[in-house]
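Thank you all for coming. I would like to take a few minutes to walk through one model with you, and I will try to go slowly enough that everyone can follow along on the screen.

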Amino acid sequence: MIFVTGGAGFIGSNFVLDWLAQSDEPVLNFDKLTYAGNLKNLASLQGDARHIFVRGDICDQEQVLALFREHKPRAVVNFAAESHVDRSILGPGEFIRTNINGTFALLEAARAYWTEMTPEEQGAFRFLHVSTDEVYGTLGPADPPFSETTPFAPNSPYSASKAASDHLVRAYHHTYGMPVLTTNCSNNYGPYHFPEKLIPLVISNALAGKPLPIYGDGQQIRDWLFVSDHCAAIRRVLEGGKLGETYNVGGWNEKANLDVVHTLCDILDRQAPKATGSYRDQITFVKDRPGHDRRYAIDARKLERELGWKPAETFETGIAKTVAWYLANQEWVRDVQSGAYKEWVDQNYGQRENA
Ligand code: NAD
Ligand code: DAU
């Protein structure tokens with residue numbers, strides 16, 4: 001079996017669903033169920049003996065080690081993290097705790113478990129750490145995309161905490177010989193994306209008749225990847241990645257935020273037209289994110305060349321699927337927009353007067 005952390009979050013739940021759609025190898029899904037974790041994402045697995053869910057914190061080394069000893073996973077895939085940049089700006093503490101201390105505790109538990117294995121089991125074991133392109137910092141308009149050798153220059157508490165975790169993972173290979181792999185991925189989008197992030201926030205605000213908040217001038221660029229393509233890349237790296245190496249994952253889809261929002265409005269205008277006017281009328285420019293990275297872009301050629309991975313979706317096909325999913329799953333959106341989420345909206349947007 002494989003041991004997945006953070007498997008009730010956006011990418012983790014997509015990964016678990018995709019994994020079990022393609023393989024009968026069981027998954028132990030270990031998740032703290034923070035505001036971002038949602039077991040409803042996994043409702044289709046109810047009663048499926050291949051999915052074992054355990055609620056817990058990756059900082060709890062003893063619980064993790066006990067589970068490793070009991071279930072004997074052949075691999076760990078670490079998605080568990082605090083993931084939202086704006087939250088890291090308003091309160092970095094949880095990001096340091098989960099992303100740095102949590103990854104450290106998970107590595108220590110994995111090292112103890114790995115040390116107890118036979119040499120054959122040790123050779124087959126993998127610890128795959130899921131990270132972000134944000135560790136590389138920000139690009140100018142003419143800079144080449146981030147490659148695996150781009151120096152780290154994280155700019156937010158979130159990206160700094162992920163960079164620290166990447167360094168720990170790297171060090172456990174270099175120092176202890178642990179069989180680790182790291183993936184650094186660009187912005188994901190798709191089903192089950194929590195509506196605090198740009199794409200799902202814009203879809204849900206548009207349908208609710210609320211403002212569509214654009215930070216600063218909206219010309220910041222992100223490189224978008226449909227979530228199932230990220231999941232396929234992780235499976236490929238787990239299967240064939242070279243130990244101790246990092247792999248960049250990206251969709252070759254650089255888009256300015258304002259263009260993404262225009263695209264979403266145009267699709268919604270066609271598929272869920274308003275009585276009068278366009279969803280574009282709801283666009284509102286608000287105060288920028290402090291330290292806002294201007295441009296991310298990923299050079300994914302190493303993964304393509306060495307492991308034969310390529311994204312299956314273009315931005316056009318992926319965004320159409322995403323909007324269709326949100327239109328068909330408005331109840332899911334209503335459910336996650338709980339009391340705690342409302343407080344976050346007041347905190348984050350209340351202090352951003354319109355620009
Ligand atoms: P998410 O915030 O949607 O989900 C995170 C999950 O981790 C949640 O289920 C949460 O309950 C769980 N979790 C948080 N703290 C935990 C802890 N201490 N112990 C156990 N579980 C805990 O995040 P996501 O967008 O799915 O991202 C998953 C991973 O991928 C993260 O490591 C993130 O840094 C990375 N990543 C995300 C993107 C993206 O665009 N979303 C891109 C590149 C990399
Ligand atoms: O690049 C990978 C990263 O992508 C992941 O590591 C993070 O976990 C993930 O959250 C994402 O980070 P971003 O900060 O790029 O994503 P977010 O959806 O928060 O913002 C995307 C862009 O849209 C960014 O430039 C900020 C802008 N934005 C965001 C929000 C929420 C707005 O203009 N308005 C908004 O209300």
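I will talk about the surroundings of the two ligands in turn, and then about a pair of helices. Please keep in mind throughout that this is a predicted model, and that the values I quote are computed from it.

Let me begin with ligand 1, which has 28 residues around it, and of these Ile11, Asp31, Ser83, Tyr158 and Lys162 come nearest. If you look for polar backbone atoms beside the oxygen atoms of this ligand, you will find one of Gly9 at 2.9 Å from an oxygen atom, and one of Phe10 at 3.0 Å from an oxygen atom. Asn188 also takes part, with a backbone N or O atom that lies 2.9 Å from an oxygen atom of ligand 1. On its own, ligand 1 has 840 Å² of accessible area, and the protein covers 97% of that.

Which elements supply at least two residues each to the shell around ligand 1? They are helix H1, residues 10-22, strand E5, residues 126-132, and helix H6, residues 157-176, and it is E5 that gives the most, with three residues. Sorted by class, this shell holds twelve nonpolar, twelve polar and four charged residues.

Turning now to ligand 2, we find 24 residues around it, of which Asp133, Tyr158, Arg289, His292 and Tyr349 come nearest. A polar atom in the side chain of Tyr349 lies 2.6 Å from an oxygen atom of the ligand, while for Glu134 a side-chain N or O atom is 2.9 Å from an oxygen atom of ligand 2. With Leu198, by contrast, it is a backbone N or O atom that lies 2.8 Å from an oxygen atom of ligand 2. Taken alone, this ligand exposes 690 Å², and the protein buries 94% of that area.

Two elements give two or more residues to the shell around ligand 2, namely helix H7, residues 198-207, and strand E8, residues 212-215; the largest share, three residues, comes from E8. By class, the shell has ten nonpolar, eight polar and six charged residues.

Finally, let us stay with H7 and ask how it packs against another helix. Its partner is H9, residues 257-271, and the two pack at an angle of about 40°, with their axes 10 Å apart. At that angle, H7 and H9 are therefore oblique to each other, and their crossing is right-handed.

Conventions: Residues numbered from 1 in each chain as written. Chains lettered and ligands numbered in written order. Predicted model: local features only at pLDDT ≥ 70, side-chain atom pairs only at ≥ 80, totals over all residues. Heavy atoms only, no water. Near = heavy atom within 4 Å. Polar contact = N/O pair within 3.5 Å; in protein donor to acceptor, adjacent residues only side chain to side chain. Areas by Shrake-Rupley, 256 points an atom, 1.4 Å probe, with all protein chains shown as cover. Helix = DSSP H or I, 4+ residues; strand = E, 2+ residues; numbered from the N terminus. Nonpolar A, V, L, I, M, F, W, Y, C, P; charged D, E, K, R; others polar. Axes fitted to C-alpha atoms, helices over the stretch in contact; angles between N-to-C directions. Parallel < 35°, antiparallel > 145°, perpendicular 65-115°, else oblique. Left-handed = near helix turned anticlockwise from the far one by under 90°.
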